[in-house]
Each structure stands twice: as structure tokens, then as C-alpha cells.
Amino acid sequence: MSALIDSPAWKKLSAHKETIEKLHMRALFADNAERFEDFCLQAGPLFLDYSKNLMTDETMSLLFDLAKQEKLEHYRDAMFSGQEINFTEHRSVLHTALRGQSADPIMSQGKDVKPEIDAVLKKMKNFSEQIRKGKWLGYSGKEITDVVNIGIGGSDLGPKMVIHALKPFVTRKINMHFVSNLDGSQIAETISELSPETTLFIISSKSFTTSETMFNAVTARGWFVSRVKNKEFIKKHFVAVSTNIEAVQKFGIDKHNIFEFWDWVGGRYSLWSAIGLSIAIAIGMGRFKELLEGAANMDEHFSSAPLEENMPVILAMMGIWHNNFFAIHTQAFMAYDHYLSLFPSYLQQLDMESNGKHVNRDGEKVDYCTGPIIWGEQGINGQHAFYQLLHQGTQPIPCDFLIALDSYNPACGHHPVLMSNFFAQSEALMLGKTEAEARQEMNAEGLSEDEIELLLPHKVFEGNRSSNSILFKELDPHTLGALIALYEHKVFVQGIIWRINSFDQWGVQLGKQLANQIQFDLVDDKPVSKHDSSTNGLINYYKRYRSIEGNKLLSSNNDWSSLQKIMEHEFK
């Protein structure tokens with residue numbers, strides 16, 4: 001048994017769970033007319049109702065005791081002060097510094113990083129304004145009309161999610177495109193209708209060696225050069241967000257068009273950095289700073305509010321309660337907002353890449369569940385897809401419901417109906433429908449006793465299924481910043497409770513390493529036998545039946561020149 005499971009706070013919660021699981025939320029609401037007021041909280045623009053969870057005051061008190069036992073406040077302060085809490089990579093975790101509003105120094109490894117942050121923000125402002133105002137001209141003197149962000153993971157999903165979420169604020173003069181997939185179909189489809197005269201590419205890669213990003217980058221470069229016939233024009237149409245200055249310049253990008261960020265910015269936390277350049281172009285630097293301010297306000301709340309009144313902490317501890325004491329290892333996110341349709345995918349990466357760990361800070365294998373499976377969909381679409389399982393499936397699934405009080409498109413008249421569905425779903429999950437209620441309902445419909453007895457088991461809902469509801473006035477940049485930061489800190493809190501490092505991602509590397517080796521097995525038609533029988537069989541099947549000549553355009557020498565030749569050949 002691990003030290004965590006054997007700890008006093010954990011044991012008390014385990015014993016308490018035996019009592020709580022016998023209760024029903026119907027009774028909890030009936031017994032306390034002020035339950036909603038007792039379990040709701042406002043933090044900046046966000047309002048949280050967590051009363052529809054199977055818990056009591058005692059539950060919350062015991063959960064906060066667990067957080068205090070695990071020294072949450074100590075680790076929180078260590079993160080904000082720039083200590084190397086990402087100990088496996090010897091790095092600070094300072095994405096919060098990117099949105100900090102204070103003029104005070106922000107230290108990392110004995111160095112104040114604030115001047116560097118301010119310098120990059122200024123550079124982003126100047127560049128994005130040139131693009132937006134039509135002052136940055138392509139090689140033929142035409143304005144930029146299309147921006148293609150090439151990245152992967154946080155360098156793609158973060159900016160893409162934000163731009164989609166803030167579509168009402170996006171300039172209509174510039175079309176934003178995102179390419180991340182190594183499947184060549186994505187970039188081929190993206191560039192097929194673009195003009196090299198009016199297209200700007202942003203290559204977002206900290207190391208400038210990430211294979212997926214660089215293959216797409218070289219494809220874009222090959223497409224561009226094959227059409228303009230002059231490599232010098234790359235300097236007007238390609239910029240980079242990277243720390244690898246030498247590799248960027250070798251690619252052909254002018255050193256003045258490189259936007260820096262730092263190793264203390266994790267990929268899934270990087271939209272606040274120069275990785276957000278596409279955001280600044282899309283919504284303007286003023287709106288981008290509002291996004292930063294919203295996140296900074298949530299940082300202030302998280303860093304200063306007592307645990308009992310701290311929104312990220314409350315959400316995190318509710319997740320611990322479900323995951324570790326009720327053995328519910330999944331959580332769904334339902335955004336009743338078209339503009340937040342990418343938010344569940346963003347949270348999936350944020351949570352599962354951060355806390356999908358099986359060893360603790362001491363390198364010991366854990367004997368408790370860490371990161372849950374995160375998934376979700378737009379609320380209304382989900383109602384007609386998987387809500388059946390949420391209401392009557394065999395495993396309860398906690399849900400977070402999110403909605404704006406006001407729509408940017410009120411003239412359609414849809415929003416009150418959308419709101420009614422939002423309110424109804426959490427109520428239905430909590431209440432369920434008893435046998436007596438189902439029988440009464442069918443009696444009122446005039447069904448016979450035989451029909452009632454046949455249908456009755458299918459009409460009963462257990463209820464007692466937990467959910468949180470998060471409401472906000474409108475989805476503006478400030479609110480979105482606060483919302484993203486809320487979930488960043490929630491994930492951090494859970495990692496501290498589970499005694500894991502939420503800021504490395506070594507599990508991502510193994511598949512990449514093997515893929516790099518297998519690439520060389522595909523350069524010819526000779527059968528392979530050095531892998532396991534399944535992998536050998538799959539590779540040999542592919543080699544036997546592949547028919548597209550482009551599949552054979554691999555080189556055992558994957559340097560820049562060979563890749564460029566491949567891509568330029570493909571797009572001639």
C-alpha cells in the first residue's frame with residue numbers, strides 16, 4: 001500500500017465514502033433548502049455551481065484536509081515563484097508569468113524573465129498589427145490574406161481552440177488555417193486554394209525538430225518555392241516561433257522573423273506565449289492582452305483564495321472524490337456553446353498529457369488511479385449522441401456543463417431554448433425518475449396496466465449522477481482566459497494530490513522513437529523481420545500492397561536538403 005493511500009486524510013475519506021454512497025442527492029436537496037447557496041462560488045467572470053455532486057459539508061472538509069496534507073499551498077507557491085517543480089526536466093513552470101500583470105520581477109534560475117516576456121509581447125504586437133493593417137506585404141507587393149499555423153499538440157490546438165472560441169472578435173480580412181496532421185491530406189487540402197503571393201506561414205516548434213511539424217513545414221516550403229522560384233521570398237512569407245535559431249535560419253527564415261519562447265513554457269500551456277501569434281493576428285493584440293488578463297485574474301484567485309473558496313481547488317477535489325473514492329475514471333465536458341466546440345479536445349490534451357502518469361515524484365509505481373479519461377462534445381449534439389449512456393448507463397460519468405448567459409447571435413431566438421436544455425440536463429442527471437413517477441406519468445398518458453408493466457423498467461432513471469455547472473456572462477477574451485486558467489490549475493492541483501509531475505510527458509516519446517526507426521524500414525520493398533511478428537506483418541503487408549509512388553519517396557538521410565527535394569518534387 002502506498003504512503004498516499006495509507007495516509008490519515010485518505011483513510012478518512014475512504015471511510016466517509018461508505019456513508020455517502022448510501023445517500024441520494026434528492027434527499028440532500030430536500031433536507032437543505034440552501035444547498036445551492038452553500039455549494040456555489042463566483043471567481044471573476046465565472047460562476048460555479050457544484051451542489052449537484054454526491055457530497056456534504058463533511059465531504060468537502062475532508063477533501064480540503066487531503067489537499068492540506070499533500071502541501072498543496074506549498075507547491076502552488078513554488079510554481080508561482082519559479083522553482084523547478086518540473087524536476088525530471090529541471091525546469092520551472094512559469095506559463096503564469098506570461099500573463100502576469102505585475103511589474104515585479106519573475107525569477108527563473110536566478111534570472112528575471114519579465115523583460116524577455118515584455119520584449120516578445122512587443123514584437124508580437126508590432127508584427128500582428130502590420131499583418132492586420134495590410135502593411136506587411138508579400139514578395140509581389142500584395143497584402144497577406146491567409147495565415148497558416150503549422151504546429152502540433154499545444155502549438156496547434158491551443159491557438160486553434162482560442163481563435164474558434166473568439167470568432168466574434170476575429171478579423172474577417174484574414175483567413176486563419178491550422179495544419180498539424182502528418183497525413184499529407186491536411187496540408188494538401190489547406191494549400192490547394194491558397195496563393196503564395198498572399199499567404200503567411202507560422203512554423204511553431206520550440207525545438208524546430210518536431211517531426212510532424214517539420215514535415216508539414218518542409219511541405220509548405222516546397223510548395224512555396226516551386227511556385228515563386230526564389231528562395232529569398234521565404235523571408236516575406238515564413239516566420240517561426242522557436243528557440244532553435246540556427247535551425248530556423250537554415251530553413252530560410254529571417255532571424256528578425258523568429259519569435260522566442262522558453263523551456264519553462266510547456267507545449268500545452270503555450271498559447272499565452274508567442275505560440276499565440278496566430279491569435280494576436282486573428283483578434284488583435286489588444287484582445288490578446290484581454291485574454292492574458294483574464295487568465296492572470298484567475299491566477300490571482302488561485303494563488304490567494306483559501307482552499308475552501310478556491311474554484312480550481314474545488315473542481316480538482318471533486319474530481320479526486322469521483323476518481324479515487326468512487327472508482328469513476330472518466331469525466332465528460334459539455335459546452336453549450338458553438339464557439340467552445342474545440343474546448344473538450346483542448347481539455348483532453350491538457351488533462352491527459354499532464355496527469356497520465358503511473359509513477360509518483362519518487363519514481364515509485366502508484367497503486368491508485370491518476371488522470372481520468374477526458375472527453376466531451378457540444379451539449380446539444382451530445383444529447384442526441386451519448387446522453388443516453390449518461391442517464392441510464394451502468395457507469396456514472398461526472399459532467400461539467402458550460403454556457404454563456406448571453407449569445408452573440410440573439411436575433412436567432414435560440415438561446416432561451418438552449419438554456420432550458422442546459423438547466424434540464426444537470427437536473428435530470430441528479431433527480432432521475434423513480435418507479436412511482438414513471439408509473440404516474442404513464443397512467444396520465446392513458447396506458448393500460450399491461451403496457452405500463454412492460455415499459456416501467458425502461459422508464460426508470462437512477463439519477464444521483466454528479467455534475468458541475470459553470471456559467472459566464474458572455475464568451476469574451478477575458479472570460480475565455482479565466483476559463484482556460486481555471487482548468488490549468490485544476491489539473492495542477494490533482495497532480496499534487498496524486499504526487500506526480502504534471503509537467504513532463506515522457507510517454508509521448510516512445511512512439512516517436514520507434515516511428516523514427518521504422519521510417520528506414522520503408523525505403524525499399526524488402527520484407528522486414530526485426531520487429532515482433534505483428535509489426536513485421538503489418539509493415540510487410542503495407543510494402544506489398546502500397547501503390548502510391550509518393551509512399552516510396554522516403555530517404556534514409558532525413559536532412560533538410562533531402563526533405564526539400566522530396567517536397568518540391570511532390571508539388572511541382
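Visitor: Leaving out residues up to four places away in sequence, which residues does aspartate 521 touch?

Guide: In this predicted model, aspartate 521 touches Val528, Lys530, His531 and Lys543, once residues up to four places away in sequence are set aside. To place this residue, look at the loop between helix 22 (509–519) and helix 23 (533–545), where aspartate 521 is found.

Visitor: Is aspartate 521 buried or exposed?

Guide: The relative accessible area is the value to read here, and a residue counts as buried when that value is under 20%. Aspartate 521 has a relative accessible area of 8%, and it is therefore buried.

Visitor: How should I read valine 460 by the same approach, beginning with where it lies?

Guide: Valine 460 lies in the loop between helix 20 (449–459) and strand 13 (467–472), and with a relative accessible area of 28% it is partly exposed. Leaving aside neighbours within four places in sequence, valine 460 is in contact with Gln392, Lys433, Thr434 and Glu435. Distance along the chain and distance in space can also be read side by side: valine 460 and alanine 436 are 24 residues apart in sequence, and their C-alpha atoms are 8.9 Å apart in space.

Visitor: What does the backbone angle phi tell me about asparagine 464?

Guide: Most residues other than glycine have a negative phi. Asparagine 464, a residue other than glycine, has a positive phi, near 60°. Its place is in the loop between helix 20 and strand 13, and at 19% relative accessibility asparagine 464 counts as buried.

Visitor: Where is glutamine 109 found, and what is its phi?

Guide: Glutamine 109 is found in the loop between strand 3 (107–108) and strand 4 (111–112), and its phi is positive, about 55°, although it is not a glycine. With a relative accessible area of 62%, glutamine 109 is exposed.

Visitor: Turning to strands, how many residues of strand 10 are buried?

Guide: Six of the six residues of strand 10 (residues 330–335) are buried, so this strand is largely enclosed by the rest of the structure. The two faces can be read separately: Thr330, Ala332 and Met334 are buried on one side, and Gln331, Phe333 and Ala335 are buried on the other, so that both faces are covered.

Visitor: Which strands pair with strand 10, beginning with strand 11?

Guide: Strand 10 pairs with strand 11 (residues 373–378) in the parallel sense over six bridges, and phenylalanine 333 has glycine 376 as its bridge partner in strand 11. Between these two strands the chain passes through helix 15 (residues 343–355), in a β-α-β crossover that is right-handed. Strand 10 also pairs with strand 12 (residues 399–404), again in the parallel sense, over four bridges, and there methionine 334 has phenylalanine 401 as its bridge partner.

Visitor: In what order do the five strands of the open sheet stand?

Guide: The order is 6-5-7-8-9, and the pairing is parallel. Strand 6 (175–179) and strand 9 (258–259) each have a single partner strand and stand at the edges, so one side of each is left without a neighbour in the sheet. Strand 8 (residues 238–241) is joined to strand 9 by two bridges and runs parallel to it, with alanine 240 standing opposite isoleucine 258 in strand 9. Helix 8 (residues 184–191) packs on the sheet, where it touches strand 5 (146–150), strand 6 and strand 7 (199–204), and its direction makes about 160° with that of strand 6.

Visitor: Which residues does isoleucine 279 touch, not counting those up to four places away in sequence?

Guide: Isoleucine 279, whose place is in helix 12 (residues 277–283), touches Pro159, Val162, Ile163, Leu271, Gly284 and Phe288 on that count. At 0% relative accessibility, isoleucine 279 counts as buried.

Visitor: How many helices and strands does the chain have?

Guide: The secondary structure comes to 24 helices and 13 strands. The radius of gyration is 26 Å, close to the 25 Å that the globule rule gives for 572 residues, so the chain is as compact as a globular protein of that length. Of the 572 residues, 52% count as buried, and among contacts between residues at least 6 apart in sequence, 75% join residues at least 24 apart.

Note on methods:
Residues are numbered from 1 along each chain as its sequence is written. This is a predicted model: local features need pLDDT of at least 70, side-chain atom pairs count only at pLDDT 80 or more; totals for chains, interfaces and linings use all residues. Side-chain values use heavy atoms; hydrogens and water are left out. Buried means under 20% relative accessible area, exposed over 50%, partly exposed in between (1.4 Å probe, protein chains only). Contact means heavy atoms within 4.5 Å. Two strands pair if DSSP finds at least two bridges between them. A crossover is right-handed if, with the strands pointing away from the viewer, the path from the first strand over the helix to the second runs clockwise. Axes are lines fitted to C-alpha atoms, for helices over the stretch in contact, and angles run from 0 to 180 degrees between N-to-C directions. The radius of gyration is taken over C-alpha atoms; the globule rule is 2.2 Å times the number of residues to the power 0.38.
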